[in-house]
Amino acid sequence: MRYYGGFYGMYFDPTYWLVIIGAVLCLVAQFRVSSTFNKYNKIRSGSGMTGAQAAERILALSGIYDVRVEHISGKLTDHYDPSAKVLRLSDSTYGSSSIAAIGVAAHECGHALQHNKGYAPLQIRTALVPAANIGSRLGIPIILLGVLFGMNQIFIQIGIWVFALAVLFQIVTLPVEFNASGRALRMLGDYGMMSNDETRGCRKVLSAAALTYVAAAASSVLQLLRLILLFGNNSRRRD
């Protein structure tokens, strides 16, 4: 193993295990959500409603009349845009009458309901979006700039703190997503839109989707830990 100026040689770096663990977690979660969605996407809901129709009905029954339901291309690109009050459903959800599609549509309605009720974690996440975008795009480049400038600790520490904003966003996202899924399942049951068996299928789809957020947050935390271990150790050596 070679060692240069506080860094492990390019052929071996023990902290890479943190990156590998994070990547594996994300791959497993992605496989789980894809396989679960595909399974329940083949089962047609007894109501015959499409994802778009289900979303419109949930919004109406929840007393939300100022949110539009729109189509967006892609698979599982569904999201709620609080700034425009638009609920966008993907190709796999908008026109599908499957249990999976209705579950995903209901989940996005859960976000609309959060927004309507002033759910604090959603407000915090929304406020963090600009900072998170900066952190994800500039955190690592600022750190690398510090390395290029002879291990400049000011740049490196700024880079780590900026990257930490993106990590914070991932962590705050967790309660928002869990709460939206809980609201979705309750609304599907309370509004009589699904049978108990169908609701259990939706729960499995939404639980699998939640794992992707958990994996993403864990991966981000591990990446932040790696940066701290690499550059924090180097800072102590220089002291």
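**Figure 1. Surroundings of S220 in helix α7 of the predicted model****.** S220 is buried, its relative accessible area being 15%; buried denotes under 20% relative accessible area, exposed over 50%, and partly exposed the range in between, computed with a 1.4 Å probe on protein chains only. The residue belongs to helix α7; helices (H or I, at least four residues) and strands (E, at least two) are DSSP runs numbered from the N terminus. Apart from neighbours within four places in sequence, S220 makes contact with F163, V167 and Q170, where contact means heavy atoms within 4.5 Å. Residues are numbered from 1 along each chain as its sequence is written, and side-chain values use heavy atoms, with hydrogens and water left out. Because the model is predicted, local features need pLDDT of at least 70 and side-chain atom pairs count only at pLDDT 80 or more, whereas totals for chains, interfaces and linings use all residues.

**Figure 2. I64 in the loop between α2 and β3****.** This loop joins α2 (51-61) and β3 (68-71). I64 has a relative accessible area of 4% and is therefore buried. Its contacts, leaving aside neighbours within four places in sequence, are L59, A112, L113 and N116. Of these, L113 stands 49 residues from I64 in sequence, while the C-alpha atoms of the two are 7.7 Å apart in space.

**Figure 3. Two loop residues with positive phi, K85 and M151****.** K85, although not a glycine, has a positive phi of about 55°. This residue is placed in the loop between β4 and β5 (86-89) and is partly exposed, at 31% relative accessibility. M151 is likewise not a glycine and has a positive phi of about 60°. M151 is found in the loop between α5 and α6, and its relative accessibility of 9% makes it buried.

**Figure 4. The largest pocket and its lining****.** The largest pocket holds about 830 Å³ of space. Its lining comprises 35 residues, of which D78, H79, R125, E177 and Y213 are the closest to the centre. Two or more lining residues come from each of α1 (16-40), β4 (79-81), α4 (99-117), α5 (120-148), α6 (153-190) and α7 (196-238). Helix α6 contributes the most, with 8 residues. On a 1 Å grid over the protein atoms alone, a pocket is an open set of points where a 1.4 Å probe fits, with protein on both sides within 12 Å along at least five of seven lines; lining residues have an atom within 4 Å of a point. Grid points are joined across faces, edges and corners, and the volume is the space filled by probe spheres set on the points.

**Figure 5. The whole chain as context for the close-up views.** The protein has 7 helices and 5 strands, which follow the order β-β-α-α-β-β-β-α-α-α-α-α from the N terminus. Its C-alpha trace spans about 65 × 35 × 25 Å along the principal axes. Of the 239 residues, 45% are buried. Among contacts with a separation of 6 or more, 71% are between residues 24 or more positions apart. The accessible surface, obtained by the Shrake-Rupley method with a 1.4 Å probe, comes to about 12400 Å², and 62% of this area belongs to carbon and sulfur atoms.
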